Amino acid sequence: MSADVDELSFCGDVVAPDGLGAVAPLLTQCSWPLEVWRSGFDGSDILRGGQEGVEFEMDAGQGAVKFFSGSIEAGPDTALRLLGELSDALRQAGLRHRIEIDAADGSRLGYLHHDWPRGE
């Protein structure tokens, strides 16, 4: 990796008691491909997507609070922009969420949230 590109990790939670359907049409504003997909296993909604250099994972069957994680091979500004797009879509859908972005050394690069106290 070049000096201006790192492998940055992220994780987060989204509270979606009625599923993720409200965010589905808003994901088109993201510059990276994300979609709401219905699990054939249990019928729960999950976010899935990514692209070269971006990995995104969310497990099905988690109930109202869904955990996701992944990594981005990019500079900090790009990572914050991409995850900021997701955070904006979740906020516009009225979904309570938080996203933590960390550098390879474990230092916190960003904390994006909507209606989520920093201490939780």
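Let's start at V36, a residue with plenty of company: apart from its neighbours within four places in sequence, V36 is in contact with L20, V23, A24, L27, D45, I46 and L47. Keep in mind as you look around that this is a predicted model. V36 sits in strand β2, which covers residues 34–38. Is V36 buried, exposed or partly exposed? With a relative accessibility of 24%, V36 counts as partly exposed, because buried would need a value under 20%. For a sense of distance, look from V36 to L109: the two are 73 residues apart along the chain, and their C-alpha atoms are separated by 27 Å.

Now widen the view to the sheet. What order do the strands take? It is an open sheet of seven strands, running β2-β3-β4-β5-β1-β6-β7, and the pairing is antiparallel. The edges belong to β2 and β7 (108–114), and each of these has a single partner strand, so one side of each goes without a neighbour in the sheet. Going from one strand to the next, the twist averages 15°. Inside the sheet, β1 and β5 pair in the antiparallel sense, with 10 bridges between them. If you'd like to find one of these on screen, pick S9, whose bridge partner in β5 is S71.

Against this sheet lies a helix. α1 packs on the sheet and touches β1, β2, β3, β4, β5, β6 and β7, while its direction makes about 10° with that of β7. The helix has 17 residues and reaches 24 Å from its first C-alpha to its last, which is close to the 24 Å expected at 1.5 Å a residue. Quite a few of its residues are tucked away: A79, L82, L83, G84, E85, L86, S87, A89 and L90 are buried. R81, also found in α1, is another story, since a relative accessibility of 43% makes R81 partly exposed. R81 and S31 are 50 residues apart in sequence, yet their C-alpha atoms are 9.3 Å apart in space. Past the helix comes G94, which has a positive phi, near 75°.

So what fills the inside? In soluble globular proteins, nonpolar side chains tend to be buried together. Here, the largest nonpolar core has 29 residues, and V23, W32, F56 and L86 touch the most other members. At least two residues of this core come from each of β1 (6–15), β3 (45–51), β4 (54–58), β5 (65–74), α1 (76–92) and β6 (96–102). Which element gives the most? That would be α1, with six residues. L86 makes a good spot to zoom in on: leaving out neighbours within four places in sequence, L86 is in contact with L27, C30, W32, L34, L47, F56, F68 and I99.

One name there, C30, leads to a last point. C30 is buried, at a relative accessible area of 8%. How many disulfides does the structure hold? The count is zero. Why is there no bond for C30? Its closest cysteine sulfur is that of C11, and because the two sulfurs are 18 Å apart, they are too far for a bond. Looking from the other end, C11 has the sulfur of C30 as its closest cysteine sulfur, at that distance of 18 Å. A disulfide would need the sulfur atoms to be within 2.5 Å.

Definitions and conventions:
Residues numbered from 1 in each chain as written. Predicted model: local features only at pLDDT ≥ 70, side-chain atom pairs only at ≥ 80, totals over all residues. Heavy atoms only, no water. Core = buried A, V, L, I, M, F, W, Y, C linked by side-chain atoms within 4.5 Å. Buried < 20%, exposed > 50% of the residue type's maximum accessible area, 1.4 Å probe, protein only. Helix = DSSP H or I, 4+ residues; strand = E, 2+ residues; numbered from the N terminus. Contact = heavy atoms within 4.5 Å. Expected span 1.5 Å × (residues − 1). Pairing = 2+ DSSP bridges. Axes fitted to C-alpha atoms, helices over the stretch in contact; angles between N-to-C directions.
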